[in-house]
Amino acid sequence: MKTSIATVSISGTFQDKLAAIAAAGFHGIEIFEQDFLASDLSPREAARMVRDHGLDITIFQPFRDFEGLPEPLRQRAFSRAERKFDLMAELGTDLVLFCSSVHPAALGGIDRAADDFRALGEIAATRGIRVGYEALCWGKHVDDHRDAWEVVRRADHPNIGLILDSFHTLGRKIDPETIRRIPGDKIFFVQLADAPAIPMDLLYWSRHFRNMPGEGDLDVTAFTRAVLATGYDGPLSLEIFNDQFRAGRPRLVAQSGYRSLMALMDQVRRAEPSLSVPLPNMPAPAPVRAVEFLEFASSKADAAALDQVLGAAGFSVAGRHRSKPVTLWRQGAVNLLVNTSSADFNLTSWSTHGTTVSEIGLTMPDAKDTATRAMALGAQAHVSAPHATGERDFPGIRHAGGSVLRFLDAGQASIWDSDFDVTAPAPVGIGIQRVDHIAQTMAYDEMLSWSLFYTTLFEATRAPMVDVIDPDGLVRSQALQSGALRVTLNGAEARRTLAGQFIEETYGASVQHIAFETQDIFATAAALAARGFPVLQIGDNYYGDLAARFGLPADEVAQLQALNLLYDEDGAGRFWQVFSRPLAGGLFLEIVQRAGGYSGYGGPNAPFRIAAMKRHLRPAGLPKR
C-alpha cells in the first residue's frame, strides 16, 4: 500500500513539511500548489528535495474551474492547464487533480463537461499526463462522485480518470457502496479525511474541521472498503484542512496521519476479510486489564516532598528495586514508583519537567501483541537501560507526549517478583483501592493526535468533547476509556489557564493529575485531613449553591463542606471528589467515589476546583525564586 499526504495537511515551510512527512513513514506527497508557490524553490529544486527525502510526488493539485465554461473563458482554461502541465514536467509528476467547477459562468451538462475533458485528455496524452476529476461537495453543477464518474465515463479517454475523496462523499451523506460499481482502473487517486458531525456550510466545514480517519464521525472505513472492492491499488492519501493541525507540530501531525492510515487499513481488513489489503498483519487492539503502576521521575532532593504527600495519602513503602534507586509505594491495588536515578530516561524526564509521571505500566492480555501493534502504527520503541541478571525486559513505547507506556502480561510472573524486593504487603491505608483515571494536559492543537494515539492502539471508546471553564480561558476536555484505563485529555488554548500554566511551568509534562478511587470518600477524606494531607480548600459559595442545585439535606452539605468534598450527580448515579493543593510543578492528586452508574469526571465542579487551585499558585508575572 502506497501512503501519501497532502502538504496542506502539515504546518511549516515546504522543507518542514517534507521532513515531517518522511520521518513519519509516508511514501509520497500531494503537492498543494499554494505550498509550492509560497516557497522560493524552483520546480526542479522542489522535485530534488522531495526525492532527497525518499518521497514521491503522487499528485499535483488543485486545478480549479475548468469544465463547462463559455468562450473565451474555455480557451483560457485550456491554456492554464497546459502551463500547469509544463510545471508538472519539471516537478516530475504525471497526475493532476481537477476539481469540479464553482465558477459563476460555468454551464451545466454532463456531455458538455465530458467533451471538455476528452479534449483535455488528448493534450494530456501528448505530455504523458493523467488528469483526475473530483466532485467537490459544493460544486456548482457536479457535487456527487456519481456525476463525476459519469463525466469521466462519457469522456472515455485513457488519460482521464476519477478522484474520490471520502469527505466529499460522506459529507453529503452519499452511500459509499455506490463506489463499488466503478472500475478500479478508472479511479486514479483516493483522498481520505474524517470530520466531526457538525451541521454547517459544507465549504467552511471542509476548510476548517477535517481530521484524520478515526478522529471524526464519518464512516471512512465503509468508504475505503468500497474503494478497495473496485480493485483500486493506487495511493491512499490524506487531505486534511484543520485549524488545530495548522498550529500543531509538523512531526506530531504527520505521525498521527500515518497512524490513522495504518489503523484504518487494519479496520478495513477486519471488517471485510475478502478484500486484498496490502498491509502487514498486526494484532487486534485489546482493552487494558489494569493500570499496573505509575512511575515518577524525580531527584533525591525533590523526592522528599513527594514522599511526604504519598505518606499523607495513606501510601506506604512496600519494597525497592533490586538494582536501581526506585522505591515502591503501595495502597490497595495501586503501585507507585519513585525513581531518583541520575542517569538515562529518568534524568532526562526530571531535568526537563521536574518531578513528573514518566512511565505508565499497563497490564495487557498480551504485552508483546500490544507492542507489535504499536510499532506497526508508527510508534517509537523505548530503549531501556541494561537490565541486571534476573530482571525482566518489559516492552515499552514512547507516548505522544514523550513519556513511556510499558506493557506487562496478564497472568504471567509480575514485575514485583522479578525486579523488586517486596518487603511488605499492600496496606489498606485510608481506603484508596485503585487508579480511577489519569488526567493528561497538552496544547489544544495536539489534542486530536493524543486521542488518536489511544483509540488506535487500544480497544477504546471516547466521550464527546466538553468545555471546561477556567477564569482565564477555555480548556477542551475529552475522556477516553479502554478497560481499566481511564484518561482525560485536556487541551489548553490560553497560556493563563491552569492547564496552560502547567504546560509552561513543566515544559510540556503530560500528566497533570492522578485520580484514585475509594469506596468510602467520607472516611478517606477525614483520614486525609487527620494525616496532614494538603487538601484543596473549596470556597463557601460553592456549598451555598450545592443544596439549591441538588436538594441535598443541610447536614450532608455541612459534612461535604467540612471535608472540602465536591459533589455531582446525574441520572445514573452520584459522584464525590476531593483534591490536593497543587504540588511542586503543578501536579496534583484527586480521590473520588462513584456510586451507581456515574461515569463522568465531575465536570460541573471544574470551575470551582480551578479557582481554588489558582488561589494557591504564584501570581501571574511573579518570577520564580
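1. In which helix does Ile-21 lie? In this predicted model, Ile-21 belongs to helix α1, which comprises residues 14-24. With a relative accessibility of 0%, Ile-21 counts as buried, since the cut-off for that class is under 20%.

2. The surroundings of Ile-21, once its neighbours within four places in sequence are left aside, consist of contacts with Ile-5, Ile-10, Phe-26, Gly-28, Ile-29, Leu-55 and Ala-254. Arg-154, by comparison, is separated from Ile-21 by 133 residues in sequence, and the two C-alpha atoms are 37 Å apart in space.

3. Arg-210 is placed in the loop that runs between α8 (202-209) and α9 (220-229), and yet, at 1% relative accessibility, this arginine counts as buried. Its side chain makes a polar contact with the side chain of Ser-206 at 3.1 Å, and the side chain of Arg-210 also reaches the backbone oxygen of Glu-239, again at 3.1 Å.

4. Beyond its neighbours within four places in sequence, Arg-210 is in contact with a set of residues that includes Asp-165, Phe-167 and His-168, as well as Ala-193, Asp-194 and Ala-195. Trp-205 is also among these contacts, as are Glu-239, Ile-240, Phe-241 and Asn-242.

5. For helix α11 (residues 250-271), the length can be checked against expectation: at 1.5 Å a residue its 22 residues should span 32 Å, and because the end C-alpha atoms are 31 Å apart, the two values agree. The helix is mostly covered, with 16 of the 22 residues of α11 buried.

Notes:
Residues numbered from 1 in each chain as written. Predicted model: local features only at pLDDT ≥ 70, side-chain atom pairs only at ≥ 80, totals over all residues. Heavy atoms only, no water. Helix = DSSP H or I, 4+ residues; strand = E, 2+ residues; numbered from the N terminus. Buried < 20%, exposed > 50% of the residue type's maximum accessible area, 1.4 Å probe, protein only. Polar contact = N/O pair within 3.5 Å; in protein donor to acceptor, adjacent residues only side chain to side chain. Contact = heavy atoms within 4.5 Å. Expected span 1.5 Å × (residues − 1).
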